[in-house]
Amino acid sequence: MSVSTVTRQESLSRDAPVRYKRVYLWHWPIRAMHWIAAASVLTLIVTGFYIGGPYFMTSGSATDHFLMGRVRFVHFTAAGVLVATAILRTYWLFMGNKFERWRALFPFHVRDWVNMWRVVRAYMFVKPHEAPQYMGHNPIQQLSYTGIYTLALLQAVTGFYLYGLANTGGFFFMLFGWVGPLLGGAQVARFVHHVLVWFWLIFLPVHVYLTIRADVLHKESRVSSIISGERYVRADVDFVDD
Amino acid sequence: MFFPTSHAWTHDETLGEHMERRGVSRRDFLKFCGQISVMLGLSEALVPRVAAALQNLRRPSVVWLQLQECTGCVESVLRSSDPTIGDLVLDLVSLDYQHTLMAAAGDAAEAALQASMEENYGEYILLVTGSVPLEENGIYLTIGGRTGREILEEAAAGAAAVIAIGACAHFGSVQAARPNPTGAVGVAEIVRDKPVVTIAGCPPIADVVTATIVHYLTFNRLPAMDGEGRPLFAYGARIHDQCPRRAHFDAGQYVQRFDDEAARLGWCLYEVGCKGPATFSPCPILQWNDHTDWPIGAGHPCLGCTERFFWDTMTPFYERLPNVAGFGVERNADLIGAALAVGTAAGVGAHAVATGIHRARERKKGIPLPVVPDPGTGPAPVSPGSGKEGSDG
Amino acid sequence: MARVVVDPITRIEGHLRIEVQEENGRIADAWASSTQFRGIETILEGRDPRDAWAFTQRICGVCTVVHALASCRAVEDALDIEVPAAGGLIRNLVHGMQTVQDHVIHFYHLHALDWVDVVSALSADPAATSNLARSISPWPNNSATYFAEIQTRVRRFVESGQLGIFTNGYWGHPAYKLPPEANLMAVAHYLEALDWQRDVIRVHTIFGGKNPHPNFLVGGMASAINLDDTGTINAESFTKIQGMIQRARRFVDEVYWPDLLAIASFYPEWASIGGGVSNYMSVGEFPNNGQWRDTDSMYFPRGVIFDRNLSEVLPYDHEQVREYITSSWYEYEGGDDVALHPWEGETTPRYTGPQPPWTYLQDFDKYTWMKAPRYQDRPMEVGPLARALVAYASGHEDVQEVVNDALGRLGVGPEALFSTLGRTAARGVETVLLARKLEDWFNALLTRVRAGETTTFNGDRWEPSTWPASARGYGFLEAARGSLGHWVQIENGAIRHYQCVVPSTWNCSPRDAQGVNGPYEAALMDNHPLVDPARPIELLRTIHSFDPCMACGVH
Ligand code: HEM
Ligand code: HEM
Ligand code: NFV
Ligand code: SF4
Ligand code: SF4
Ligand code: F3S
Ligand SMILES: [Mg+2]
């Protein structure tokens, strides 16, 4: 641990066998939150697509079936779970370690905005080894997670508004009744809720790809960190957020 | 119905006296009050109050302005159902000005309007069908050489209550659809100093107009309304939640194409564009034309005609979701979304390939690959500690 | 010479202003001005052609069916869609009932007060009224007691001082010629017709879910037939419809038609007043087999008559239609004196009139929102009279039978048809015939359903992917008020261009580039009295005989 810090390129160029250190990044609530949220989002997408365009039909008497009813029930349940994880995450924004706190999840640091361009260039293969190194979320991740949390918020707000339409005297309409008039009607809200789904489908492959890619390139156990909570990082590398 | 001679309710008698003379039994009258109360969502305990209020009523004056419109709403009121009761209710008023039916024309008609507004200032009920075009100083609608706006403002000034009937008076209906060439707006955009009740629909069911008037005459105030000014007793619930086809919706049984097997079994019209899930209207309960049927009942999806700007937000009518402006009819949001998602996946793949090539090049240049650590050499985990200390790195 | 303005013209659809110059109790010159514009043709651009019927339907809520149907036909023409026979028959029933109902409402509620003096009904002898009613019709409501009751109500009403819609009527005007008994009978039927109209129109509710503005569908009708399901057109629906059709026919035969002839017989001079434009046109309507592009199968034939020449019916060709805007508040790219076929039609509003409030429009070259359609550059009258004339001159047996019967009873020749009275009578003629035809179409539908032929919709070209990249179509029909045409052009699945030329556009057209008047104006200048400019009842008679619909005409 006494080694002076260098860039990853310099570290990679050293002949000496590399030393790694283990960093504990993600407490269990974050990990649990991540995978529960991931599962509920996948559930929401699958059930949401059924609600949007029922791709199975039943036959015979209507009294014998409740397919759409069940799918909607699962959708709403998964929505509830997603909201529960969001509450947990919000709590942890203030209670977690420095990698988990709000300043690390969203690009609040000036330094992160400064670094952002260099990270983008690295993804574009321009001086990739000089890119600033982060143990937690790099600026682009911060930005995309900001986006995905916003997306989840919009999805939930429009979703709960639509849910509330069934009972305009009820709890959900009381809380979210303003959404329709704001957007220009229930049909617009449905449209927004529907279109937002495509953003998940854009985020997901990029997210999974970039984490696996980082793992492959840097061999720093990135993927497993969201399971175990730990990462092994080169001990001699200068991490911005160390 | 609007021909008050049929029952000649004179201004010196109350409605109670009038009905007695007409031979309407107390029982029938109470039954009617009960029906109206049910429609208004009033508790049974209030029926005597409705009855008492109506019984002591003297015939109020009604002025009906027809602005920029198609007259469908007037026709709808002409079809209002329930022969005896409908007559009775519409006989509640003295209709002093109404273009479609009135005998006088030209100056004589306008004189009737002026006289009624003067004699009943502050007391008459103003019904309005049609929108107000505001572009070009309002010359897209004139009556007697005056603009609709001027006429409406004048009539609203002395009105005790303003009831906007139909989608035109609500938000401009079809003429306000993009690009709204005449700048048509609803009544509430013009009349801002008093509440406007909106009987939404293109056209609406006439019984709702009747019930709203009865509510006003009974309680001397307008019924509770939603944010659009629609009375809650009629527009408080969504079609989708009152629809007889709902069991098929929940079961997963949908009409895929008109007149298919499913259509002949009366299944749900969701997939052929039904806007019931986004529409608040009493259609499924009250039904149309003397409870004969209603749009979804007759196999056609709901167009969402009680909702603001439905010509733009509910179209294409046979698609579940609205069109993205600027893209052709076929290119709906899903095509664009799917294209983006596929494009992203492809981009990810391309980036992966590029990464591989990049690394091969670097290898040639002699830039070494990361050395896989010896698992045995790793130190004990360094924990940054509980986040309470140091939030920055 | 006095300038007379009647604005609003009431008891019509929409906003119509008539200005005339009166000379010695007659009308010397006339201007018809429609004072509402909405721009629905432009609003349609870029939209799904399958939605167009709903937009155009809102052109008018009085003839609520016809624009929806014309629009469906236009799109079906463009995309080459055949409507299945059952769907076509349902459309005939819906449109046929529309016309019957529309005509009866026009007669009693829009037109009758021009001929019937409500106040005079007070001095009628109910017994004599009953005799009169019995002498012309077997209708059951004709006892002296019944008429006495009606009369009492009218009396109380008049005495109440609150005259409602009868305030400021022209009661006692010398132009009213009916004896009190006929007035009383007409007032009674005015009331009965109110109840009748909302009953029979429920045919629309069964097939289209509501009235006004029942639902239509490109490719057929959405109301599926299944005799064994509660949620579809089933045996109960057919029973109800049959009842409505029977009640429609009975009222027409036993009330409307006898009343019309009785009232007409007191106004013989009106058979030589208000003729006007001498050209007539019908595009044909009511395809017997539902295949509307087969124009030979139309119950009312198509054709054109020029100069009142009943010995020659020329074929109709929609390519001969052009619209002028010389006197209208629009501009054309090619200048204001050209005339455009609807394929090239432009709807670019450009108001040049005085700023409101105004007093006269007759001093301005442009004075209306109405365009001026011309056929082979001539103004044409359209509507029941034009249809009756084209059918009569084409040797249509049913029409000849009813027309000759009416002419015989009134003791006049066919030339009497070219008049205000002729127009009103022709409307009755076709109502009688259509009420009968409804039964035929209903039976034809039942026969098909019995044979298991229940298909109401053709979905082969429903999906836009099956459409050509560009297509155009012409949809036409005879609406209650006359020939209606919709011209649609579709490109890449969306409407590129849409134009409607509507019955009231033809009839209410202003002067064209040559200064030739349209039918309303010409009729008002044809041997036309106007005794008291402050009480313009004669003017109303002739204008109402056309059954004006301004929302239709301008759209
Ligand atoms: C619906 C699916 C998913 C969603 C919505 C999602 C969302 C997220 C979010 C929001 C974070 C930031 C966590 C925070 O600090 O709040 C995150 C982190 C992470 N996710 Fe996912 N994720 C999904 C699936 C996956 C999958 C399938 C993998 C496995 C390859 C994965 C790997 C990771 C990793 C490794 C991190 C840690 C972040 C880092 O490397 O700094 N995620 N994910
Ligand atoms: C990742 C989050 C979510 C995804 C991916 C998602 C996806 C979808 C999709 C694709 C639809 C069909 C939309 C349509 O075509 O009409 C839908 C419908 C719906 N979603 Fe979600 N949803 C999400 C979150 C939520 C939440 C949090 C709620 C809250 C209860 C919710 C409630 C609804 C409701 C009520 C509908 C039915 C809309 C209707 O009435 O047609 N959704 N969802
Ligand atoms: N003119 C006209 Fe219509 C009719 N009939 C339509 O095409 O009235 Ni509103
Ligand atoms: S709301 Fe609809 S039906 Fe009523 S006048 Fe307007 S367009 Fe016609
Ligand atoms: S038909 Fe329409 S309103 Fe009825 S259940 Fe189906 S989607 Fe809902
Ligand atoms: S279109 Fe309108 S009439 Fe009722 S069913 Fe839908 S709200
Ligand atoms: Mg036009």
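A residue counts as near a molecule if one of its heavy atoms lies within 4 Å of it. Keep in mind that this is a predicted model, where local features need pLDDT of at least 70, side-chain atom pairs count only at pLDDT 80 or more, and totals for chains, interfaces and linings use all residues. Residues are numbered from 1 along each chain as its sequence is written, and chains are lettered from A and ligands numbered from 1 in the order in which they are written, while side-chain values use heavy atoms, with hydrogens and water left out.

**Exercise 1.** Work out which chains surround ligand 6.

Step 1: List the neighbours. They are B:Ile239, B:Thr279, B:Ser281, B:Cys283, B:Trp288, B:Trp294, B:Pro295, B:Cys302, B:Leu303, B:Gly304, B:Cys305 and C:Lys210.

Step 2: Read off the chain letters. Ligand 6 has residues from chains B and C around it, so the site is shared between chains.

Step 3: Sort them by class (Ala, Val, Leu, Ile, Met, Phe, Trp, Tyr, Cys and Pro are nonpolar; Asp, Glu, Lys and Arg are charged; the others, Gly among them, are polar). You get eight nonpolar, three polar and one charged.

**Exercise 2.** Do the same for ligand 4, and find which element gives the most to its shell.

Step 1: There are 14 residues around ligand 4, and the closest are B:Cys70, B:Cys73, B:Ala167, B:Cys168 and B:Cys202.

Step 2: Chains B and C both supply residues here, so this site is shared between chains.

Step 3: Two elements give two or more residues each: α4 (72–78) and α8 (166–171) of chain B. Helices here are DSSP runs (H or I, at least four residues), numbered from the N terminus. The most comes from α8(B), with three residues.

Step 4: By class, the shell around ligand 4 splits into six nonpolar, six polar and two charged residues.
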